[in-house]
Amino acid sequence: MISRKLRLVITFSSTTDALLLEQSCKEKQISGGLIPVPRMISASCGLAWSTDVNNEKNIQTLLDYIQVQPEGIYQCMI
């Protein structure tokens with residue numbers, strides 16, 4: 001059985017924004033990774049950033065700094 005974990009999932013309107021957050025998180029050493037958008041959020045294809053829910057404040061600050069507006073921020077069991 002695959003164990004699921006509560007994760008913070010950030011979706012974007014463009015792949016460019018997702019890649020920009022990925023690069024910025026790596027520079028700031030914020031753990032996480034790009035994943036396909038979970039079906040529970042959207043049936044459309046695309047990329048999302050997944051990280052520990054405890055990183056939410058850091059991610060919000062970073063999104064403001066890099067001037068990226070996410071499509072949505074969710075807490076999901078994935």
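This report covers the nonpolar core, the largest pocket and the cysteines of a predicted model. Residues are numbered from 1 along each chain as its sequence is written. Local features need pLDDT of at least 70 and side-chain atom pairs count only at pLDDT 80 or more, while totals for chains, interfaces and linings use all residues.

The largest nonpolar core (buried Ala, Val, Leu, Ile, Met, Phe, Trp, Tyr and Cys residues joined through side-chain atoms within 4.5 Å) has 13 residues, and F12, L21, C25, W49 and I59 touch the most other members. Two or more residues each come from strand 1 (6–11), helix 1 (15–27) and helix 2 (56–66), these being DSSP runs of at least four residues (H or I) for helices and at least two (E) for strands. Helix 2 gives the largest share, 4 residues. Leaving out residues up to four places away in sequence, I59 touches I10, C25, I30, W49 and T51, a contact being heavy atoms within 4.5 Å.

C25 and C76 are compared below; buried means under 20% relative accessible area, with a 1.4 Å probe and protein chains only.

| Cysteine | Relative accessible area | Closest cysteine sulfur |
|---|---|---|
| C25 | 0%, buried | C76, 17 Å |
| C76 | 6%, buried | C25, 17 Å |

The disulfide count is 0, a disulfide being a pair of cysteine sulfur atoms within 2.5 Å. The sulfur of C76 is unbonded to that of C25 because 17 Å is too far for a bond.

Definitions and conventions:
Heavy atoms only, no water. Buried < 20%, exposed > 50% of the residue type's maximum accessible area, 1.4 Å probe, protein only.
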